[in-house]
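Hi everyone, thanks for coming along. I'd like to walk you through a structure that may be new to you, and I'll take it one piece at a time.

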Amino acid sequence: MILDRISASWQTRDALLKFFVMGVVLILSAVLSSSGSERSQLILLAAAALFAFFIKPELGLVSLLIAALCVPFTLGTGTQTSLHLAVILIPILLVLWFANLLPQRRVRLVYAPTNLPIAAFVIVVTVSLITGNLTWNYFAEKANLQAQVGGWAVFVFSAGIFLLCGNQIEDLLWLKILTGIFLALGAVVVIGQVIPPIGILGEALVVAPAQGSLFWIWLIALAGGLGFFDRSLALPFRLALVTLALITFGVGWFLRVSWVSGWVPGLITLLTLLWLKSWRLGFFFTVVGIAGVFARDPDLLNRLVALKQYSIDTRYFAWQIILTDILPANPILGLGPANYYHYTPLYPILGWYVKFNSHNQYVDLVAQIGVVGLAIFIWLMAAITRLGWQLRTRAPLGFARGYVYACLAGLVGSLAAGMLGDWFLPFVYNVGFAGFRASLLGWLFLGGLVAVKHFVDQSSQAPLH
């Protein structure tokens with residue numbers, strides 16, 4: 001009886017809080033509608049959106065995806081970095097999530113093996129932000145506070161997106177909606193690469209900064225994963241999805257072959273799907289694919305090396321300088337978000353004393369958050385992989401099963417892209433928040449694995465551990 005009363009009390013507080021927010025929105029509507037100014041209308045629209053996100057959090061995730069891919073609006077910060085709408089939305093959605101949890105008096109997370117490593121990741125990034133402002137080298141400058149906080153935000157917001165998607169999607173229908181929106185927009189972009197009139201539409205719908213390597217990786221992963229493994233779809237739809245995955249890779253291979261990080265991670269993603277489908281199929285197409293690449297263009301490797309020789313040399317020397325000269329100042333926690341960039345002019349690269357970055361996700365991670373931070377990141381990636389691997393046989397046949405396989409392949413492709421300097425966690429002095437438009441896709445869809453786990457646990461008497 002007591003527990004029932006407590007539960008009823010919490011539900012009443014939750015309802016009262018939502019009615020309070022509704023009342024505030026209605027009052028604002030009455031006040032602002034009388035003024036009729038453009039700014040007032042924007043404020044009213046924002047208030048209505050916040051109310052909708054508060055009542056139905058999944059709408060916030062859909063808006064986040066659309067904002068990242070489609071909305072060109074940016075807000076100046078007085079620095080070289082501008083904030084796009086997706087970056088602004090993330091902390092708002094996190095605050096609304098916590099506000100929704102207030103009546104429960106505690107943060108309730110879906111039980112998942114990713115919870116502990118993602119919490120540890122946020123903690124170590126925050127500690128590195130603090131210790132990064134200590135003097136580790138008397139001759140080196142530090143990044144300004146805005147850049148350091150921006151670097152910290154990239155890490156923390158990425159973790160936040162993962163948690164939001166994993167904990168706010170209670171019905172897999174919303175995961176289907178997110179996936180469907182992304183696949184539809186991606187299809188327009190890809191087809192537009194070969195049919196110019198559609199290309200004009202693709203350019204209008206999806207902003208250029210969102211079309212980074214991660215965009216193409218996750219398009220291949222989701223289209224191929226659902227095409228190969230979602231048996232609930234009619235055969236023509238499955239064939240269309242597989243075709244979309246193949247065309248996406250083909251665009252990179254045939255039209256952008258010099259952009260190695262545009263098609264190599266995509267090829268790895270596609271081959272991973274084939275290996276997951278059948279190791280025999282994966283082995284066959286891996287051998288045939290490699291042979292086919294060199295049969296089509298025997299001199300491809302030499303041409304790419306020659307074309308990228310300067311890039312390869314500078315990256316090699318950059319890694320060497322960062323790991324052997326800069327990192328030893330604080331190898332445990334690194335130099336803090338964004339800071340190592342300002343240490344680099346102390347060490348010449350090819351004879352030049354200039355600022356440079358690593359162009360490698362893993363060198364970048366260890367330089368910013370140290371060996372401990374890199375170890376926790378690896379732990380998190382291992383936890384996500386383990387979760388996906390368990391769900392591949394536990395998730396129900398249909399969309400959920402296909403989605404799990406897509407995420408496993410997308411994770412492999414994303415981690416491969418990190419070696420080529422395409423960021424899973426963008427560096428503020430490289431692609432910065434503009435690149436975050438594409439990188440957040442991985443965190444959003446991987447967070448969906450936790451939502452699938454919650455669905456499986458609710459449907460089963462034996463939760464995943």
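What follows is a short tour, from the whole chain down to a few single residues.

Before anything else, please keep in mind that this is a predicted model. So what is the secondary structure of the chain? There are 17 helices and two strands. The chain has 465 residues, and 51% of them count as buried. There is also a number for how the chain folds back on itself. If we take the contacts with a separation of 6 or more, 76% of them are between residues 24 or more positions apart.

Let's look at one pair of helices. Find helix H5, residues 115–131, and helix H6, residues 145–168. Their axes come within 10 Å and cross at roughly 170°. How does H5 run relative to H6, roughly parallel or roughly antiparallel? The cut-off for roughly antiparallel is an angle over 145 degrees, and therefore H5 counts as roughly antiparallel to H6.

Who makes that contact? On the H5 side you'll find Ile118, Phe121, Val122, Val125, Thr126 and Leu129. On the H6 side the residues include Trp152, Phe155, Phe162 and Leu163, and Gln148 takes part too. Sorted by class, the contact of H5 with H6 has 12 nonpolar residues, two polar ones and no charged ones.

Now for the cysteines. How many disulfides does the count come to? The count is zero. Take Cys165: the nearest cysteine sulfur belongs to Cys407, and it is 8.7 Å away. A disulfide needs the two sulfur atoms within 2.5 Å, so this pair does not qualify. Seen from the other end, Cys407 has the sulfur of Cys165 as its nearest cysteine sulfur, and Cys407 is in no disulfide either. Are these two buried or exposed? Cys165 is buried, with a relative accessible area of 0%, and Cys407 counts as buried as well, at 1%.

Next stop, the loop between helix H14, 309–326, and helix H15, 361–394. As a reminder, most residues other than glycine have a negative phi. In this loop sits Ala338, and its phi is near 75°, a positive value. Ala338 counts as buried, at 0% relative accessibility. His359 has its place in the loop between H14 and H15 too, and the phi of His359 is positive as well, near 55°. His359 counts as partly exposed, with 29% relative accessibility.

Stay in that loop for Asn360. With a relative accessible area of 2%, Asn360 is buried. What does Asn360 touch, leaving aside its neighbours within four places in sequence? It is in contact with Trp319, Gly418, Met419, Gly421 and Trp423. In addition, a polar atom of the Asn360 side chain lies 3.0 Å from the backbone nitrogen of Val363.

One last residue before I stop. Ile55 lies in helix H2, residues 38–55. At 35% relative accessibility, Ile55 counts as partly exposed. Try finding Leu96 from there: Ile55 and Leu96 are 41 residues apart along the chain, and their C-alpha atoms are separated by 9.4 Å.

That's the tour. Thanks for listening, and I'm happy to go back to any of these spots with you.

How values were computed. Residues numbered from 1 in each chain as written. Predicted model: local features only at pLDDT ≥ 70, side-chain atom pairs only at ≥ 80, totals over all residues. Heavy atoms only, no water. Buried < 20%, exposed > 50% of the residue type's maximum accessible area, 1.4 Å probe, protein only. Axes fitted to C-alpha atoms, helices over the stretch in contact; angles between N-to-C directions. Helix = DSSP H or I, 4+ residues; strand = E, 2+ residues; numbered from the N terminus. Parallel < 35°, antiparallel > 145°, perpendicular 65-115°, else oblique. Contact = heavy atoms within 4.5 Å. Nonpolar A, V, L, I, M, F, W, Y, C, P; charged D, E, K, R; others polar. Polar contact = N/O pair within 3.5 Å; in protein donor to acceptor, adjacent residues only side chain to side chain.
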